[in-house]
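Colleague: I would like to go through this chain with you, one question at a time, and hear the reasoning behind each answer.

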Amino acid sequence: MNQIKIGKFIAECRKNKDMTQAQLAKKLNITNRAISKWETGKGMPDSSIMLKLCSELGISVNELLSGEMISMNNYNKNAEKKLLEFKKIDEKKNQKLFYSSLVIVLLLLSVIIMGLYNFIIQVSKGTLDSTLTHAQSIYEINIRLNELEERINNLEK
């Protein structure tokens, strides 16, 4: 998607409706700064207000996302193209979440293995004080692991 093209299209449609940025913002219950960001290509409308925006501008969502008026001849072709673009974006987000989760899990496993290794070394040396200290370290590691697991679960939501 070309945000600059979409922004110029939003500005053009708004002007064709003889609306100011402030008037359009009021109708959408947002700030006129948001409208300005869209029109300069520095941001995109949130999906939760796209339908209302399109209704106010008298355009379709497909036209909005294309940044141009679409003839009926090209409508289906353009719709398919936009759906594929959204699918690719969604797949990239899912892939990023997967790899982030994988890295966190690998880090957790590394911490567990290092903690257990140190614990085994200390037990084999037979030093009770060191063993207790490492047991406390492992306990603290378990607390950190539980916190990281909660973060992973929150990321997956």
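Colleague: Does Gly115 count as buried or exposed?

Modeller: The model is a predicted one, so every value here is computed from its coordinates. Gly115 belongs to helix H6, which covers residues 72-125. Buried means under 20% relative accessible area. Because the relative accessibility of Gly115 is 10%, this residue counts as buried.

Colleague: Leaving aside neighbours within four places in sequence, which residues is Gly115 in contact with?

Modeller: One useful pairing to consider beforehand is Gly115 with Tyr139, which are 24 residues apart in sequence and 9.7 Å apart in space, C-alpha to C-alpha. With neighbours within four places in sequence set aside, the contacts of Gly115 are Ile138 and Ile141.

Colleague: What pattern does the chain follow when read along the sequence?

Modeller: The chain holds seven helices and zero strands. Read along the sequence, the pattern is therefore written with helices alone, by the run definition used for helices and strands. That pattern is α-α-α-α-α-α-α.

Colleague: Are H2 and H3 roughly parallel or roughly perpendicular to each other?

Modeller: The axes of H2 and H3 come within 8 Å and cross at roughly 115°. Angles of 65 to 115 degrees count as roughly perpendicular. H2 and H3 are therefore roughly perpendicular.

Colleague: How many nonpolar, polar and charged residues does the contact of H2 with H3 have?

Modeller: H2 passes H3 in a right-handed crossing. On the H2 side the contact is made by Gln21, Ala22, Leu24, Ala25 and Leu28, and on the H3 side by Asn32, Ile35, Ser36, Trp38 and Glu39. By class, this contact of H2 with H3 has six nonpolar, three polar and one charged residues.

Colleague: At roughly what angle do the axes of H2 and H4 cross, and what does that make H2 relative to H4?

Modeller: The axes of H2, residues 21-28, and H4, residues 47-57, come within 10 Å and cross at roughly 130°. That angle makes H2 oblique to H4.

Colleague: Which class has no residues in the contact of H2 with H4?

Modeller: H2 passes H4 in a right-handed crossing. Leu24, Lys27 and Leu28 of H2 meet Lys52, Leu53, Glu56 and Leu57 of H4. By class, the contact of H2 with H4 has four nonpolar and three charged residues, and the class with none is polar.

Colleague: Which helix supplies the largest share of the largest nonpolar core?

Modeller: This core has 18 residues, and those that touch the most other members are Ile10, Leu24, Trp38, Leu53, Leu57, Ile59 and Leu64. At least two residues of this core come from each of H1, H2, H3, H4 and H5. The largest share, five residues, comes from H4.

Colleague: Not counting residues up to four places away in sequence, which residues does Leu57 touch, and how many residues make up the other core?

Modeller: With those sequence neighbours left out, Leu57 touches Ile10, Cys13, Arg14, Lys17, Met19 and Leu24. Apart from the largest core lies another, with Ile104, Leu108, Ile141 and Ile152 among its members, and its size is five residues.

Colleague: Is Asp18, with its positive phi, buried or exposed?

Modeller: Most residues other than glycine have a negative phi. The phi of Asp18, however, is near 55°, a positive value in a residue other than glycine. Asp18 is found in the loop between H1 and H2. Because its relative accessible area is 70%, Asp18 is exposed.

Notes:
Residues numbered from 1 in each chain as written. Predicted model: local features only at pLDDT ≥ 70, side-chain atom pairs only at ≥ 80, totals over all residues. Heavy atoms only, no water. Axes fitted to C-alpha atoms, helices over the stretch in contact; angles between N-to-C directions. Helix = DSSP H or I, 4+ residues; strand = E, 2+ residues; numbered from the N terminus. Parallel < 35°, antiparallel > 145°, perpendicular 65-115°, else oblique. Left-handed = near helix turned anticlockwise from the far one by under 90°. Contact = heavy atoms within 4.5 Å. Nonpolar A, V, L, I, M, F, W, Y, C, P; charged D, E, K, R; others polar. Core = buried A, V, L, I, M, F, W, Y, C linked by side-chain atoms within 4.5 Å. Buried < 20%, exposed > 50% of the residue type's maximum accessible area, 1.4 Å probe, protein only.
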